[in-house]
Structures are given as structure tokens and as C-alpha cells.
Amino acid sequence: DNSPQFSSPNFTLVVNETTTGLVLSAMAVDRDSLDRGRVTYEVFGAPAEVAIDANNGSVFLTAPLDHELQDQLEFVVQASDHGIPPRRTNATVVVHIADLNDNTPQLELLTTSVVFLAVDTPVPSTVALFNASDADYGLSAVLNFALVSGNEGDVFSINSSGAVSLQQPLAGLPSVFVLQVSVDDGFNFAYRTVKVVVELPVAVPPGVRFDVQRPFFLRAPQTTPRTVPTQNFVRLETPVFGSSASHVVPVSAR
């Protein structure tokens, strides 16, 4: 005539995303004797990662839970005795899944991977834009940008929004910069590269004028076929070198 009794009708616990194994002992007591006091346990409404020992009410996680997919789950543990008819009691279990910094940030270059800058580009000027995201939450999703290589002399800078800016005049500096950008969440890092090419002005000889509306040639193309010289032959009847014999000599025709 007694139903199984849990120590509490509600259980609340906090687990990390990587937690597996025993997480709760939900034992119930039945004051009846013999089989009428023997209790077995089941879970209802729990995901596949939750299991229970039917003999003692121990609740296990068989695999880690993912905070990014579900930050909380709720299910019921039911205790049943072996009386006829059996008596049953339910307890509600709420599991809060604590977020861990287990996701690497994603870094995306929004502008072109190669940037061309005129040598007289004004300072400051934005030259590239990056975007970053992180599937974690809270402090684990706070992201930091940095220029980790290729920025000798601090010619460029990057702000907290992922914008790379020119900070110094380019005149007299190297013509190519290969900038490696990183983003981190305090633990995990991601990297991308952008190449900056400095375009120097082209020296134009005095008196040379370019028509920007039409293509031009530095040397006129050959528009007519070349004429290959041919040779004709004539017979000389006059003596050559003291001889009275005639001679055949070539004559070029053009």
C-alpha cells in the first residue's frame, strides 16, 4: 500500500558539454516488504545520450551533450514497485548544459585576397575587411583580431570589427605586403591572408601622349605581307676577265 518515494520530486543539475558517465542517483524508497517493496526505474522524454540503471536509479550520460544544439534538457524518472497492481512515482530532472570553449572561430575575408593600392593612398584608408563568428556563447564567443605577420613597421592595423587600415604613407616602402590575420576566442585560433600590392606611377617619356579611349601600339603591327626578292639571270656576251666566253650572272629583281 506504499508508493516509491524519491528524496525530492525535482532534480536539477549542471553538466559540462564534455561530461559523460554517472550524473545523478535518483533512488526511491518503498516501505513495503518483499516484491511489493522492490523498485525498478525508467526514464521518459530523455534523449538517446541519457540512460538509467533499472535496478538502482543511477542516471548516466553515454555521450557528451552539445550546448550549441541544446543548453537544457528535461526528462522524467519513474520508479515502480512490484506490487499488484504496481505503484509508480515520477521525479522531474532538469539538466543545464554548461558551455565550454570547444568551437574554433570562423574567419572570412569579405574583400579580395589581393589588394592594389596607389603609392599615394591617403592615410588612414581601409584596405581589407574580415568577418568572424564563433558558435560558442558568452565569454567563449568574444573574438579578438590581430595582424600576426607581414606588417613590419606597423604600416597597417586591424580594429575590433576586422577592418584592416593603412596607417603610414606607402612612398619608399616595400611594394608587396603579405598580411596574415588571426582571430581568437582566447583559446582557439583561425587565420587568413591578404596580399597588398603597392602600384608605383609609370614614368611617361616627354612628348608621349596616350589615348585612353582606344588601345595603342608601341610598334605598328605588320599589315602587308613582306615581299621576298626574286632573282633573274642574264647572259653577258662581253668578255669577262679577259675571256671571250659568255657568262650567266644573277640579277636581283625587287
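## Ser175 and its partners across the sequence

Ser175 sits in the loop that runs between E15 and E16. This is a predicted model, so take everything here as a description of that model. With a relative accessibility of 40%, Ser175 falls in the partly exposed class. If you skip the neighbours within four places in sequence, the contacts of Ser175 are Val196, Val197 and Val198.

Which of these has its C-alpha 5.8 Å from that of Ser175? That's Val197, which lies 22 residues away in sequence.

## The overall picture

Stepping back, the protein has 19 strands and zero helices. The chain runs to 254 residues, and 31% of them count as buried. Take the contacts between residues at least 6 apart in sequence: 60% of those link residues at least 24 apart.

As for the outside, the protein exposes about 16600 Å², and 54% of that comes from carbon and sulfur atoms.

## Two nonpolar cores

The largest nonpolar core has 24 residues, and the members that touch the most others are Phe130, Phe156 and Val164. Which elements give it two or more residues? They are E10 (106-109), E11, E12, E13, E14, E15 (163-166), E16 (176-184) and E17 (189-199), every one of them a strand. There is also a second core, separate from this one, with 22 residues; Leu13, Leu24, Val59 and Ala91 are among them.

Val164 makes a good place to look inside the largest core. Beyond four places in sequence, Val164 touches Phe130 and Phe156, the two residues named with Val164 for touching the most other core members. The contact list of Val164 also takes in Ser125, Thr126, Val127 and Ala128, then Ser157 and Ile158, and finally Leu179 and Val181.

## The loop between E13 and E14

Two residues are worth a look in this loop. Asp154 is in the stretch between strand E13 (144-149) and strand E14 (156-158), and Asp154 has a positive phi of about 55 degrees despite not being a glycine. Val155 is found in the loop between E13 and E14 too.

Are Asp154 and Val155 buried or exposed? Asp154 has a relative accessible area of 55%, so it counts as exposed; the cut-off for that class is over 50%. Val155 comes in at 2%, so it is buried.

The surroundings of Val155 can be spelled out. Apart from neighbours within four places, Val155 is in contact with Ser165, Leu166, Gln167 and Gln168, plus Leu170, Leu173 and Phe177. Leu166 is eleven residues from Val155 in sequence, with 6.2 Å between their C-alpha atoms.

## A nonpolar patch on the surface

Val148, Phe189 and Tyr191 together make a nonpolar surface patch of about 300 Å². Val148 belongs to strand E13. Its relative accessibility is 42%, so Val148 counts as partly exposed, and that clears the over 30% required of a patch member.

## Ser58 and Thr92

Ser58 is in strand E7, which covers residues 58-61. At 11% relative accessible area, Ser58 is buried. What does the side chain of Ser58 pair with in a polar contact? The partner is the side chain of Asn56, at 3.0 Å. Leaving out residues up to four places away, Ser58 touches Leu22, Leu24 and Ser25, as well as Ala51, Ile52 and Asp53. Of these, Leu24 is listed in the second core.

Thr92 lies in strand E9 and is partly exposed, with a relative accessible area of 23%. Beyond four places in sequence, Thr92 is in contact with Pro9, Asn10 and Phe11, and with Glu74 and Phe75. Thr92 and Val77 are 15 residues apart in sequence, and their C-alpha atoms are 6.4 Å apart.

## Two cis prolines

Where are the cis peptide bonds? One runs from Ile84 to Pro85, with omega near -5 degrees. Pro85 sits in the loop between strand E8 (72-81) and strand E9 (88-98).

Another runs from Val123 to Pro124, again with omega near -5 degrees. Pro124 is in the loop that separates strand E11 (114-118) from strand E12 (125-133). Strands E11 and E12 are also among the elements that give two or more residues to the largest core.

Note on methods: Residues are numbered from 1 along each chain as its sequence is written. This is a predicted model: local features need pLDDT of at least 70, side-chain atom pairs count only at pLDDT 80 or more; totals for chains, interfaces and linings use all residues. Side-chain values use heavy atoms; hydrogens and water are left out. Helices (H or I, at least four residues) and strands (E, at least two) are DSSP runs, numbered from the N terminus. Buried means under 20% relative accessible area, exposed over 50%, partly exposed in between (1.4 Å probe, protein chains only). A polar contact is a pair of N or O atoms within 3.5 Å; within protein, one must be able to donate a hydrogen and the other to accept it, and residues adjacent in sequence count only if both atoms are side-chain atoms. Contact means heavy atoms within 4.5 Å. Patches are made of residues with over 30% relative accessible area and no salt bridge: like charges are joined within 9 Å, nonpolar side chains (Val, Leu, Ile, Met, Phe, Trp, Tyr) within 5 Å. Accessible areas come from the Shrake-Rupley method with a 1.4 Å probe; for residues, only the protein chains shown count as cover. A salt bridge is a side-chain nitrogen of Lys or Arg within 4 Å of a carboxyl oxygen of Asp or Glu. A nonpolar core is a set of buried Ala, Val, Leu, Ile, Met, Phe, Trp, Tyr and Cys residues joined through side-chain atoms within 4.5 Å.
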